[in-house]
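Here is a short guided tour to read alongside the model. Keep the view open and turn it as you go.

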Amino acid sequence: MKALSGYLLRRLISAVMAVFFVVTITFFLMHAIPGGPFASEKEIPPEVQKNIEARYHLNDPLWKQYVDYLHNLIRWDLGPSFKYEATTVNEIINRSFPVSATLGAVAVSFALIVGMLSGIIAALNHNKWQDYLAMIMATIGFAVPSFIMAGVLMYIFAYKLRWFPAALWGSPSQAVLPALALAGMPTAVIARFMRSNLLEVMQQDYIRTARAKGLSRQVIVYRHALRNACLPIITYLGPLVAGIFTGSFVVESIFAIPGLGQYFVSSISNRDYTVILGVTVFYSIFLVAMNLLVDLAYVWVDPRIKLNEGRKA
Amino acid sequence: MRPILEIKNLQVAFDTYAGEVKAVRGVSYTVNPGEAVAVVGESGCGKSVTAQTVMGLIPSPPGRVVAGQILFDGQDLLNFTERQMQGVRGNQIGMIFQDPMTSLNPTMTVGRQIAEGLRKHQSLPADQALEQAKEMLKMVGIPHPDRRLNQYPHEFSGGMRQRAMIATALACRPKLLIADEPTTALDVTIQDQIIDLMRNLQRQLGMAIVLITHDLGVVAGLCSRVVVMYAGQIMEAGPVREIYYRTQHPYTRGLLASVPKTGKERKPLVSIPGTPPDLFSPPPGCPFAPRCSHAMKVCGQLVPQEQEVSPGHRVACWLTHPLAQYRKQEVAG
């Protein structure tokens with residue numbers, strides 16, 4: 001227990017450092033882009049421009065803006081949006097993240113269940129039709145970009161078959177198509193991972209030992225092979241969950257879903273400084289948290305990994 | 001007395017893209033109940049393939065039994081279904097392997113791995129099986145079995161892991177233990193302990209042992225009979241003393257000479273020149289002929305028939321043929 005709290009403390013410190021660097025780099029990069037949130041083709045009278053800049057503290061020296069931002073960030077105050085009037089970045093995240101997270105959870109669950117199952121089936125039927133079929137599907141899932149997948153799904157299931165609604169957000173049936181579009185790539189990756197890991201594990205000496213004990217094939221796969229084959233997938237899962245949960249811009253905009261993903265891109269073209277920073281900070285915190293979860297999951301799944309081993313390095 | 005294991009004219013081949021590899025080419029040997037037999041030979045001579053065929057562990061395809069019989073307790077294991085074999089493996093025949101570092105599942109406690117066979121074959125509930133596993137750990141000389149039971153393989157040293165492997169293999173008290181190079185991956189000092197342990201357990205439990213090794217040095221401590229294999233065939237077989245002191249086959253002689261000697265005199269290591277033949281297309285005559293310093297013309301053309309030179313001592317070598325007696329004296333002298 002003591003090892004765990006010490007470990008968590010160390011991880012927390014490094015997480016804070018990581019987020020700090022992300023904020024700093026994003027902040028200065030963002031200000032290095034020419035233009036600003038209120039630059040537009042229409043001439044604005046200089047007094048108006050000045051007033052606006054004063055209101056958002058854009059006329060302060062850059063270092064002061066930076067320090068102010070950090071100061072507010074500590075209180076988790078991400079500031080007002082420059083683009084959407086009377087809306088704070090906190091509000092944007094609070095409103096749109098649950099949508100992205102719900103969609104993401106469905107997509108990740110689908111990717112995990114379908115990906116792992118097809119990987120297992122493919123590995124256990126190595127070089128048979130099941131294997132070929134699964135790997136063809138995986139190659140398609142891997143190669144087709146999500147926006148094309150989204151279009152195809154929409155055409156078939158919404159336009160032709162009329163099974164699911166084509167867009168918008170609210171009812172469970174509206175989540176199906178975007179979740180599938182979002183899950184395509186991770187499902188393929190997980191299936192391929194699972195297949196190659198399981199094939200490799202089945203060649204291991206301890207599998208032969210298990211056979212020499214007289215265990216049946218099912219027991220060997222289930223009890224000895226799967227757990228060891230799942231280890232590398234956990235590594236992939238951390239960034240995957242973070243990426244999908246915080247939204248995919250493309251899929252969300254195709255299906256007109258009010259998620260967080262759209263803010264990633266639109267905020268940059270809008271030079272909406274606070275939204276850029278806010279969303280980036282939120283994403284990096286999420287990513288760091290997911291990686292921590294992955295490492296903790298590792299300890300739980302693989303007894304060879306100890307928490308305090310980080311100290312040696 | 002009926003032998004516990006009787007292998008008759010076993011032939012095993014592997015189908016590869018390059019062709020058929022004839023890994024085992026007519027091997028016959030017997031193991032009596034409670035007896036320890038060593039199968040010796042260099043890598044690739046088919047000794048492990050033979051043993052794994054007994055266990056039904058040869059991956060098929062590509063592996064294939066071409067001919068022969070494997071009688072275990074009078075029944076031909078080659079006719080058994082996979083389900084029947086599962087009842088034999090771990091229950092009637094236990095097996096341990098060369099590399100104890102990789103032969104245990106890294107994500108399962110040692111106790112559970114030992115208990116697994118007991119739960120399967122004796123239908124013991126989990127707690128009783130673990131209790132038995134603890135007894136097994138004690139039996140193989142692992143201190144603090146209570147604590148060790150719940151540890152993972154990485155918390156064990158190499159020798160400890162091989163002990164745990166032995167405990168796993170013997171948990172159901174099999175009539176036969178097949179030990180496939182059990183000491184090869186271990187330090188020399190540990191090798192001795194493991195052989196000692198196997199000898200003690202054999203006396204205690206009365207099982208038969210097939211010890212597969214390439215090291216004639218570890219044989220004498222445990223086994224009463226030796227089978228020398230080369231290129232998928234048996235070159236010489238007989239009681240340990242006969243093999244060591246009345247060596248007939250030049251290959252056996254070479255193996256014995258290449259055992260490192262201890263003592264004041266430091267001699268360079270002896271080895272047999274050349275490499276074993278290609279088993280895609282084995283030579284027509286004696287497979288050892290190309291490397292044999294006593295090879296005669298006939299050796300490269302005809303496979304020598306097995307001869308019994310003294311009770312239980314079989315040799316397949318043209319030098320033991322009556323017509324080759326003059327040549328043999330030359331060799332011995």
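## Helix 5 of chain A

In this predicted model, helix 5 of chain A runs over residues 129-143. At 1.5 Å a residue, its 15 residues should span 21 Å, and the end C-alpha atoms are indeed 21 Å apart, so expectation and model agree.

Which residues of this helix are buried? They are A:Ala134, A:Ala138 and A:Gly141. Because these three cover an arc of only 60° around the axis, they sit on the same side of helix 5 of chain A. An α-helix has 3.6 residues a turn, so residues three or four places apart point the same way. Turn to the other side of helix 5 of chain A and you will find A:Trp129, A:Tyr132, A:Ile136, A:Ile140 and A:Ala143, which are exposed.

## Where the chains touch

The contact draws 17 residues from chain A and 23 residues from chain B. On the chain B side, helix 2 (82-88) and helix 3 (110-121) each supply at least two residues. Helix 3 of chain B gives the largest share of that side, with 4 residues.

What classes of residue does chain B bring to chain A? Its touching side has 12 polar, 7 nonpolar and 4 charged residues.

## Chain B as a whole

Chain B holds 10 helices and 12 strands. Its radius of gyration is 21 Å, close to the 20 Å that the globule rule gives for 333 residues, so chain B is as compact as a globular protein of that length. The C-alpha atoms of chain B fill a box of roughly 65 × 55 × 45 Å along the principal axes.

Of the 333 residues in chain B, 47% count as buried. Take the contacts in chain B between residues at least 6 apart in sequence: 63% of them join residues at least 24 apart.

## Helix 7 of chain B

Now find residues 188-205 of chain B, which form helix 7. For its 18 residues, 1.5 Å a residue gives an expected span of 26 Å, and the end C-alpha atoms are 26 Å apart, which agrees.

Buried in helix 7 of chain B are B:Gln191, B:Ile194, B:Ile195, B:Met198 and B:Leu201. They cover an arc of only 130° around the axis, which puts them on the same side of the helix. Their cover includes helix 6 (158-170), strand 7 (176-180) and strand 8 (208-213) of chain B. On the other side of helix 7, B:Thr189, B:Arg203 and B:Gln204 are exposed. Just after the helix, B:Gly206 takes a positive phi of about 70°.

Technical notes
Residues are numbered from 1 along each chain as its sequence is written. Chains are lettered from A and ligands numbered from 1 in the order in which they are written. This is a predicted model: local features need pLDDT of at least 70, side-chain atom pairs count only at pLDDT 80 or more; totals for chains, interfaces and linings use all residues. The expected span of a helix is 1.5 Å times one less than its number of residues. A residue is buried if 20 or more other C-beta atoms lie within 10 Å of its own, exposed if 12 or fewer, and partly exposed in between; C-beta atoms are placed from the backbone. The arc is that of the directions from the helix axis to the C-beta atoms. Two residues are in contact if their C-beta atoms, placed from the backbone, lie within 7 Å. The radius of gyration is taken over C-alpha atoms; the globule rule is 2.2 Å times the number of residues to the power 0.38. Ala, Val, Leu, Ile, Met, Phe, Trp, Tyr, Cys and Pro count as nonpolar, Asp, Glu, Lys and Arg as charged, and the others, Gly among them, as polar.
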